[in-house]
Amino acid sequence: MSLDPTILTTIFKTGSIAYVKLALLILLGLYAIFIFMLATKIRSLNRTVFLPNESGEGILRTFAVLYFLTILSLFIITIVIV
Amino acid sequence: MPDIFSKNQLNTTAPQPKIVSTTSEQTVLKPIHLFTTYCQNPRGISFAEQENDETIILFLRRDFITNTPWIIATVALIFIPSLIRFIFVSTNFSLFSLPETISLILLGFYYIIVVGFVFANLSSWFYNIGLITNKRGVDIDFINLATINVATSSLPDIKDAEYTQAGFAQSFFDYGDVRLRIEATGEVFVFEKVPRPTEVAGILSKLIGRQTA
């Protein structure tokens, strides 16, 4: 059983992967900007309140950076591979 | 001539003076961990506008149990792709077919969003901090991941402290809202969903009493 008349189906079946790639890149880019904003906010909060390292503040900061780098890598992978 | 200093010098083991201190003066500083939601006399924490003679008496965060909804949502989100795949395979249903590379990247993107959801919720909880010092109350809010709101109120300005525990969950897990009414403006300063609201309100009442006395 398959549903045919959707726009997505036509896009995929006609083989125009470029649209999908473009949509993915836009989504990833917007998401990367959002995460960058979040990381900036965290840095700003760390200047407002100084928590000790054992409280997990360092973990969150490192995680924010790693997470941003992961999204950037996925963005690059999408450009290169797909 | 009497020999004053030579007699029984070896046997005189004078008892060590006992350090007597009242409980209010003796403070044991406690460390803060990742999941600390309530800490009296926290160690190693300070804030930007803290004065030299200002000590933090109470460190507060939302009770950890308030994180349950997003933790459950995360677990559900983790299993959704597998569930959809299982349903599609078992019913032999296909909406559209994607190349392997695109489906992998889409799946990767989906899980990155799930991790982002966890990260956003965790950081929102982690940075919603309430501090009570010997001079003021400080409420740091990280609202909707976009707004940072820092509110302070000096203790002499606070009229009274009250708490509310509404509903079964708040009574069962012992958390609630602590409200501080500010005398001059009539505004209310709220520490939301903090653990042990009775103790928090009690400590605040004592501090307000000390300030007014």
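In which sense, left-handed or right-handed, does α3(A) pass α2(B)? Keep that question in mind while working through this predicted model, since the tour starts at the place where it is settled.

**Stop 1: the helix pair between the chains**

Select α3(A), residues 57–80 of chain A, together with helix α2 of chain B, residues 100–126. The two axes come within 11 Å and cross at roughly 160°, and because angles over 145 degrees count as roughly antiparallel, α3(A) is roughly antiparallel to α2(B). The crossing in which α3(A) passes α2(B) is left-handed. To see the contact itself, show the side chains of A:L60, A:F63, A:Y67, A:T70, A:I71, A:L74, A:I77 and A:T78 on α3(A), and on α2(B) those of B:I105, B:G108, B:F109, B:I112, B:V115, B:F119, B:S123 and B:F126. Coloured by residue class, this contact of α3(A) with α2(B) divides into twelve nonpolar and four polar residues, with no charged residue in it.

**Stop 2: the whole side of chain A that touches chain B**

Now widen the selection to everything that joins the two chains: 36 residues of chain A are in contact with 37 residues of chain B. On the chain A side, the elements that give two or more residues are α1 (7–13), α2 (17–48), β1 (49–50) and α3 (57–80). Among these, α2(A) provides the largest share, with 13 residues. By class, the chain A residues on this side comprise 25 nonpolar, eight polar and three charged.

**Stop 3: a strand pairing across the chains**

Next, select β1(A) and strand β2 of chain B, residues 46–47. These two strands, one from each chain, pair in the antiparallel sense over two bridges. Centre the view on A:V49, which has B:F47 of β2(B) standing opposite.

**Stop 4: the five-stranded sheet of chain B**

Moving into chain B, display the open sheet of five strands, whose order is β1-β3-β4-β5-β6 and whose pairing is antiparallel. At its edges are β1 (38–40) and β6 (147–154), each of which pairs on one side only. Averaged over the sheet, and with direction ignored, neighbouring strands are turned by 10° against each other. Follow the edge strand β1(B) to its pairing with β3 (residues 56–61) of chain B, which is antiparallel and runs over three bridges; here B:Q40 has B:L58 in β3(B) as its bridge partner.

Before leaving this sheet, bring α2(A) back into view: this helix lies across β5 (136–143) and β6 of chain B, and runs at about 15° to β6(B).

**Stop 5: the three-stranded sheet of chain B**

Select then the open sheet of three strands in chain B, ordered β7-β8-β9 and paired in the antiparallel sense. Its edges are β7 (158–164) and β9 (188–195), each with a single partner strand, so one side of each is left without a neighbour in the sheet. Here neighbouring strands are turned by 20° against each other on average, direction ignored. Strand β8 (residues 175–182) and β9(B) are joined in the antiparallel sense over six bridges, and a useful pair to label is B:G176 with its bridge partner in β9(B), B:V194.

**Stop 6: the domains of chain B**

Finally, colour chain B by domain. Domain 1 takes in 38–44 + 53–62 + 128–212, while domain 2 covers 68–123. Placing a marker at the C-alpha centre of each shows the two centres 39 Å apart.

Definitions and conventions
Residues are numbered from 1 along each chain as its sequence is written. Chains are lettered from A and ligands numbered from 1 in the order in which they are written. This is a predicted model: local features need pLDDT of at least 70, side-chain atom pairs count only at pLDDT 80 or more; totals for chains, interfaces and linings use all residues. Two residues are in contact if their C-beta atoms, placed from the backbone, lie within 7 Å. Helices (H or I, at least four residues) and strands (E, at least two) are DSSP runs, numbered from the N terminus. Ala, Val, Leu, Ile, Met, Phe, Trp, Tyr, Cys and Pro count as nonpolar, Asp, Glu, Lys and Arg as charged, and the others, Gly among them, as polar. Two strands pair if DSSP finds at least two bridges between them. Domain bounds come from an automatic or database domain assignment. Axes are lines fitted to C-alpha atoms, for helices over the stretch in contact, and angles run from 0 to 180 degrees between N-to-C directions. Angles under 35 degrees count as roughly parallel, over 145 as roughly antiparallel, 65 to 115 as roughly perpendicular and the rest as oblique. A crossing is left-handed if the near helix is turned anticlockwise from the far one by less than a right angle, and right-handed if clockwise.
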